[in-house]
Amino acid sequence: MVKIKTHLTPLKLIKKCKEIETRLGRKKMPKNSPRVCDIDIIDFKNQKMKKDLILPHPRMHFRNFVLLPLFEIDKDWKHPMSKHHIKNLLLSLPITAVSYTHLRAHETVLDRVCRLRLEKKRGGGGGGGGG
């Protein structure tokens, strides 16, 4: 996951992303097939779009491989639609959603998520706002 600044519009940016995927060897395949490269726009300046490109990414809040790196990049991020804080989104993931691979890559984040779960259980909140 990367955070960038750009002068491009979301549609021009996704077009550039698709060009990069092609240059890296991605081919047209059936939906959800394994891919050489997959570049998505998760959030674009908190914009909401439903035509041509869906923003924010419609399934991002269910994916630990999106939420964990996003938390590392921006610990105060809020979902543009639901307004849920990144900490609450992480806490809502089933613990089984955190795979061993992601555990190894994000041990410090997972330590924080576990601490947040304990705080919440003890009544200390740990939600960071946003419901």
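The legends below describe an overall view and two close-up views of a predicted model.

**Figure 1. The whole chain is built from helices, with 5 helices and 0 strands.** Along the chain from the N terminus, the elements follow the order α-α-α-α-α, where helices (H or I, at least four residues) and strands (E, at least two) are DSSP runs numbered from the N terminus. Of the 131 residues, 31% are buried, a word that here means under 20% relative accessible area, with exposed meaning over 50% and partly exposed lying in between (1.4 Å probe, protein chains only). The chain exposes about 9,100 Å², of which carbon and sulfur atoms supply 57%, with accessible areas taken from the Shrake-Rupley method with a 1.4 Å probe.

**Figure 2. Ser33 sits in the loop between α1 (10-23) and α2 (64-73).** Ser33 counts as buried because its relative accessibility is 16%. The side chain of Ser33 reaches the backbone oxygen of Pro30 at 2.8 Å.

**Figure 3. Ile20, Leu24 and Val36 make a nonpolar surface patch of about 280 Å².** Such patches are made of residues with over 30% relative accessible area and no salt bridge (a side-chain nitrogen of Lys or Arg within 4 Å of a carboxyl oxygen of Asp or Glu), and nonpolar side chains (Val, Leu, Ile, Met, Phe, Trp, Tyr) are joined within 5 Å, like charges within 9 Å. Ile20, which belongs to helix α1, is partly exposed because its relative accessible area is 35%.

**Notes.** Residues are numbered from 1 along each chain as its sequence is written, and side-chain values use heavy atoms, leaving out hydrogens and water. In this predicted model, local features need pLDDT of at least 70 and side-chain atom pairs count only at pLDDT 80 or more, whereas totals for chains, interfaces and linings use all residues.

Note on methods: A polar contact is a pair of N or O atoms within 3.5 Å; within protein, one must be able to donate a hydrogen and the other to accept it, and residues adjacent in sequence count only if both atoms are side-chain atoms.
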